[in-house]
Amino acid sequence: MEFFPLLELPEEIQAVVVERAARNSIQDLFGLKASSRSMKALAERRGVYHFLDVLSVPWGLNMPSELLKACYDEGNPSTLYIKGVQFFYSLDLHEEGLSLLKRAADAGYERAVYTHAMTQAIFEGEGKYFHGIPLESVDRIGKLVRSVKWGWGLWHGDYFRDHKVLFISFFMSSFYRCQCANLVQRQCHCLWHIDVTKDDNMCNRCFWIKELGLFLRDFEPISLLRDTRKW
């Protein structure tokens, strides 16, 4: 197999390759960094930290604090997202947290686009941000966001629980009453079974009620063991 002569490209093109590698995965970036001295120099430029997705690997939150802070200082969307989630959901700093989530969402970070839309809908009554999530990607991104178990025993505060109760009170009964799809009979029409109660022929309203319910059911706050206020 013939190898592509990366080092023969102009340095500005090499820099773009390094940035794309950082955006793709940390493993790819480290692989380039180990390949040559010139690649190592390009990979260690602070600007590259903007493109890293620190949640692309399981140990992302266990990275050295200095590296996470360096990423945040470069406006890295994944660290904006982490800090926004912790501020909003763990520290009850709602205005600051929502602003950070929006910055990450505006940068196109898909976890943030989803979480910001869910947060705005649940806590601000704003459903307009759903339009920023491609319908064909909702299920995949939602599972990605909810799969990160970073709570480590930390429970949601009263603000979250109060809105969860309000959601169940106002939306669950209408979801189960709506005849938009085939209803799978369950003994308990509750939040726990919301993802397996109807088939895929739901109306748009029930589709988003289900997604909001899954978020309220499964999303975990960020442990305070990694205090982003120090970034």
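Here a trainee and a mentor talk through a predicted model of one protein chain.

Trainee: Let's start simple: how many helices and how many strands does the protein chain have?

Mentor: Read along the sequence, the pattern goes α-α-α-α-α-α-α-α-α-α. That matches the count for the protein chain, which is ten helices and zero strands.

Trainee: What share of the residues is buried?

Mentor: Buried here means under 20% relative accessible area. The protein chain has 231 residues, and the buried part of them comes to 48%.

Trainee: And among contacts between residues at least 6 apart in sequence, what share joins residues at least 24 apart?

Mentor: Contact here means heavy atoms within 4.5 Å. Take the contacts in the protein chain between residues at least 6 apart; the share joining residues at least 24 apart is 63%.

Trainee: Now some helices. Which residues of α4 are buried, and which helices do they pack against?

Mentor: α4 covers residues 65–73. In α4, the buried residues are Leu 68, Ala 70, Cys 71 and Tyr 72. Those buried residues pack against α5 and α6.

Trainee: Which residue with a positive phi follows α4?

Mentor: Look just past the end of α4 for a phi near 75°. The residue there is Gly 75.

Trainee: Are α5 and α6 roughly parallel or roughly antiparallel?

Mentor: Two packed helices are described by the angle between their axes and the distance between the axes. For α5 and α6 the angle is about 155°, with the axes 7 Å apart. Angles over 145 degrees count as roughly antiparallel, so α5 and α6 are roughly antiparallel.

Trainee: What is the make-up of the contact of α5 with α6, by class?

Mentor: On the α5 side, the residues include Leu 80, Val 85, Phe 87 and Phe 88. On the α6 side, they include Leu 98, Leu 100, Leu 101 and Arg 103. Sorted by class, the contact of α5 with α6 has ten nonpolar, three polar and three charged residues.

Trainee: Then how do α6 and α7 sit: oblique or roughly antiparallel?

Mentor: Helix α6 (residues 94–106) and helix α7 (residues 110–124) pack at about 140°, and their axes are 8 Å apart. Roughly antiparallel needs an angle over 145 degrees. So α6 and α7 come out as oblique.

Trainee: In which handedness does α6 pass α7, left-handed or right-handed?

Mentor: Residues that meet here include Leu 98 and Ala 105 in α6, with Val 113 and Thr 119 among their counterparts in α7. By class, that contact has six nonpolar, four polar and two charged residues. As for the crossing of α6 with α7, it is left-handed.

Trainee: Let's zoom in on Val 85. Is Val 85 buried or exposed?

Mentor: Val 85 lies in helix α5 (residues 77–90). Leaving aside residues up to four places away in sequence, Val 85 touches Ser 90, Leu 101, Thr 115, Trp 150, Phe 219 and Ile 222. Its relative accessibility is 0%, so Val 85 counts as buried.

Trainee: How far apart are the C-alpha atoms of Val 85 and Gly 97?

Mentor: Along the chain, Val 85 and Gly 97 are twelve residues apart. In space, their C-alpha atoms are separated by 6.3 Å.

Trainee: On to salt bridges. How many are there in the whole structure?

Mentor: One of them joins Asp 139 and Lys 143, at 3.2 Å from N to O. Searching the whole structure gives ten.

Trainee: Which residue forms a salt bridge with Asp 73?

Mentor: The partner also lies in helix α4, four residues from Asp 73, about one turn of the helix. The closest N and O atoms are 3.1 Å apart. Asp 73 is partly exposed at 42% relative accessibility, and its partner is Lys 69.

Trainee: Last one: which residues join Arg 146 in one network of salt bridges?

Mentor: Arg 146 meets Glu 211 in a salt bridge of 3.1 Å, N to O. This pair links distant parts of the chain, with Arg 146 in helix α8 and Glu 211 in helix α10, 65 residues apart. Both residues are buried. Through salt bridges that share partners, Arg 146 is in one network with Asp 195, Glu 211, Arg 217 and Asp 218.

Definitions and conventions. Residues numbered from 1 in each chain as written. Predicted model: local features only at pLDDT ≥ 70, side-chain atom pairs only at ≥ 80, totals over all residues. Heavy atoms only, no water. Salt bridge = Lys/Arg side-chain N within 4 Å of Asp/Glu carboxyl O. Helix = DSSP H or I, 4+ residues; strand = E, 2+ residues; numbered from the N terminus. Buried < 20%, exposed > 50% of the residue type's maximum accessible area, 1.4 Å probe, protein only. Axes fitted to C-alpha atoms, helices over the stretch in contact; angles between N-to-C directions. Parallel < 35°, antiparallel > 145°, perpendicular 65-115°, else oblique. Left-handed = near helix turned anticlockwise from the far one by under 90°. Nonpolar A, V, L, I, M, F, W, Y, C, P; charged D, E, K, R; others polar.
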